Amino acid sequence: MQNKKAIYKKIWFCFVVVFITFFTNFVSGNTGIQDAQQTVIAKSTKVVKSNAKKAVTEKVTVKRRKAARKRKLAAKRKQKKQKGAAKRNVRKVYIAPNSGRRYHFNPSCRGLRRAHGNITKMSLKRAINQGYTLCKWED
Ligand SMILES: [Zn+2]
């Protein structure tokens, strides 16, 4: 009888140990899952955050690039304008001071026929300053 009681005690002990191990495993497993979930959530929020950051930086770089392109275009346009103005200023025109108030880019223009060779060459700027307007044939 005493032997049997000892065996029962041992079985009980084993059962309790198994139960405790199982229980602690279960609890720790649960927390493990929660931890994993939390890390997943943290990771995803991190990814979302980094994506948002990326988007913002991309937007900023696009904006910057656009601004740079605009500036470049403006500079080019300005240069062109200046070049055009310079060209216009040095461009020579032909006028017939005795027979008309028009200036001509083409010295053999039909608008200059009436001048009969009495043609003066001058800069476009000067012609405009003197009140000459562009010949109607060369519009
Ligand atoms: Zn003309």
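Are C109 and E138 buried or exposed? In this predicted model, C109 is buried, and E138 is buried as well; the views below begin with the zinc site to which these two residues belong.

**View 1. The zinc ion is held by four protein donors.** The coordinating atoms are ND1 of H104, SG of C109, SG of C135 and OE of E138, and they lie at 2.0 to 2.4 Å from the zinc ion. The arrangement counts as tetrahedral because the angles subtended by the four donor atoms run from 101 to 118 degrees, and tetrahedral here requires all angles to lie between 85 and 135 degrees. Along the chain, the donors are spaced as H-x4-C-x25-C-x2-E. Within this set, C109 and E138 link distant parts of the chain, 29 residues apart: C109 sits in the loop between strand 2 (102–104) and strand 3 (120–123), whereas E138 sits in the segment after strand 4 (133–134).

**View 2. The two zinc-binding cysteines, C109 and C135, are shown with their burial.** C109 has a relative accessibility of 6% and therefore counts as buried, since the limit for that class is under 20% relative accessible area. C135 is likewise buried, with a relative accessible area of 1%. The count of disulfides comes to zero.

**View 3. Strand 1 pairs with strand 2 and with strand 3.** Strand 1 and strand 3 run antiparallel and are joined by four bridges, and in this pairing K92 stands opposite S123 of strand 3. Strand 1 and strand 2 also run antiparallel, joined by two bridges, and a hairpin of six residues connects them. Here Y94 stands opposite H104 in strand 2, and H104 is also the residue that offers ND1 to the zinc ion.

**View 4. Seven residues form the largest nonpolar core.** The members of this core are V93, I95, Y103, M122, L124, A127 and Y132. Strand 1 (92–95) and helix 2 (124–129) each contribute at least two of its residues.

**View 5. The whole chain places these sites in context.** The chain contains two helices and four strands, which follow one another from the N terminus in the order α-β-β-β-α-β. Of the 139 residues in the chain, 12% are buried. Among contacts in the chain with a separation of 6 or more, 61% are between residues 24 or more positions apart.

Key. Residues numbered from 1 in each chain as written. Predicted model: local features only at pLDDT ≥ 70, side-chain atom pairs only at ≥ 80, totals over all residues. Heavy atoms only, no water. Donors = N, O, S within 2.8 Å, 3.2 Å for Na, K, Ca; no water. Tetrahedral: all angles 85-135°; square planar, octahedral: opposite > 155°, others 65-115°. Buried < 20%, exposed > 50% of the residue type's maximum accessible area, 1.4 Å probe, protein only. Core = buried A, V, L, I, M, F, W, Y, C linked by side-chain atoms within 4.5 Å. Pairing = 2+ DSSP bridges. Disulfide = S-S within 2.5 Å. Contact = heavy atoms within 4.5 Å.
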